[in-house]
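Let's take a walk through this structure together. Keep the viewer open and follow along as we go from a single residue out to the whole chain.

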Amino acid sequence: DALGQAHAWWCIGRAIDGAVAAAGAVADGAVFVAEVVADTTAYVFSDEALFIGWFSGGVGDILAGLGQMGMLRFGPGGELIAQGIAKPINNLALDIAAVVYGNTYGKYMGIQTGVAQNSPVAIVAAAVIPNTGNYTGAGVGTDQIPNGYVPFAGKDTRSENAANKHDKALDDKLISPGKAHANWVWDSYFGPGTEPGPIGQAIRAAGTIPFLIGAMVQWNDGEKK
């Protein structure tokens with residue numbers, strides 16, 4: 001009868017609506033997964049990728065160059081491939097140079113700071129704690145830059161940016177030393193900047209536990225209210 005036919009068509013309509021909704025949900029899920037995969041891949045092959053960025057950023061450039069070659073864009077593709085081959089070599093060279101610089105001239109300046117402060121503790125810390133670049137180490141950093149310090153012309157790695165931020169926080173007493181130490185740990189691993197090379201990473205790792213201990217011990221020391 002007419003009522004039965006109407007009910008049947010209603011059921012068919014509901015089934016179609018359900019199928020459309022299910023297909024939409026599947027499509028949305030596929031788009032989400034594709035975006036996650038694309039974002040993850042872009043991160044892994046970027047200069048900022050944690051632990052591997054100093055090397056994988058170059059691989060990303062090579063892959064991008066091959067993609068350009070596949071579209072017959074040989075000039076840009078060749079440039080990207082050459083850049084990708086050179087990047088890890090350049091990053092490793094800068095990593096070594098930053099450590100050599102930090103543990104020669106940087107230590108000299110750090111020990112000078114300890115002598116000027118008449119602080120045996122500062123002198124020993126400057127002599128013992130590993131340095132790299134302009135800011136990572138004891139007795140070097142923001143205190144030195146205005147006073148004739150010749151800065152290392154290297155890349156802004158996240159470790160250097162974290163050390164710079166840490167120095168400024170302590171100098172200006174923006175927050176307690178403990179919170180500055182905790183921020184150093186976070187920023188060293190997840191802050192802005194490119195990933196340091198393997199030696200810079202080793203120095204970062206060596207400082208992580210002492211900074212975490214310092215964060216717990218000095219969490220509220222001397223903080224401005």
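**Starting inside a helix**

Asparagine 164 sits in helix α5. Keep in mind as you look that this is a predicted model. Is asparagine 164 buried or exposed? With a relative accessible area of 16%, asparagine 164 counts as buried, because the cut-off for that label is under 20%. Leaving aside residues up to four places away in sequence, asparagine 164 touches Tyr135 and Thr142.

Tyr135 is a handy link to the next stop, since we meet that residue again in the largest nonpolar core. That core has 6 residues in all: Tyr135, Ala162, Ala163, Trp184, Val185 and Tyr189. Two helices, α5 (158-172) and α6 (177-190), each put in at least two of them. Which helix gives the largest share? That would be α6, with 3 residues.

Now zoom in on alanine 162, one of the core residues. Setting aside residues up to four places away in sequence, alanine 162 touches Trp184, Asp187 and Ser188. Of these, Trp184 is itself listed in the core.

Next, hop along to helix α7, which covers residues 198-217 and holds glycine 200. Glycine 200 has a relative accessible area of 6%, so it falls under the 20% cut-off and is buried. What lies across from it? Try alanine 98: the C-alpha atoms of glycine 200 and alanine 98 are separated by 8.3 Å, though the two residues are 102 apart along the chain.

**Zooming out**

Time to pull the camera back. The protein has 7 helices and 0 strands, so reading from the N terminus you get α-α-α-α-α-α-α. How does its radius of gyration sit against that of a compact globule? A compact globule of 225 residues would come in near 17 Å, but the protein has 27 Å. Along the principal axes, the C-alpha atoms fill a box of roughly 105 × 55 × 25 Å.

Even so, plenty of sequence-distant pairs turn up: among contacts between residues at least 6 apart in sequence, 62% join residues at least 24 apart. As for burial, 34% of the 225 residues count as buried.

Finally, have a look at the surface and the charges. The accessible surface comes to about 13,000 Å², and carbon and sulfur atoms account for 70% of that. There are 13 positive and 20 negative side chains, with the centres of the two sets 7 Å apart.

Notes: Residues are numbered from 1 along each chain as its sequence is written. This is a predicted model: local features need pLDDT of at least 70, side-chain atom pairs count only at pLDDT 80 or more; totals for chains, interfaces and linings use all residues. Side-chain values use heavy atoms; hydrogens and water are left out. A nonpolar core is a set of buried Ala, Val, Leu, Ile, Met, Phe, Trp, Tyr and Cys residues joined through side-chain atoms within 4.5 Å. Buried means under 20% relative accessible area, exposed over 50%, partly exposed in between (1.4 Å probe, protein chains only). Helices (H or I, at least four residues) and strands (E, at least two) are DSSP runs, numbered from the N terminus. Contact means heavy atoms within 4.5 Å. The radius of gyration is taken over C-alpha atoms; the globule rule is 2.2 Å times the number of residues to the power 0.38. Accessible areas come from the Shrake-Rupley method with a 1.4 Å probe; for residues, only the protein chains shown count as cover. Lys and Arg count as positive and Asp and Glu as negative; His and the chain ends are not counted. The place of a charge is taken as NZ of Lys, CZ of Arg, CG of Asp or CD of Glu.
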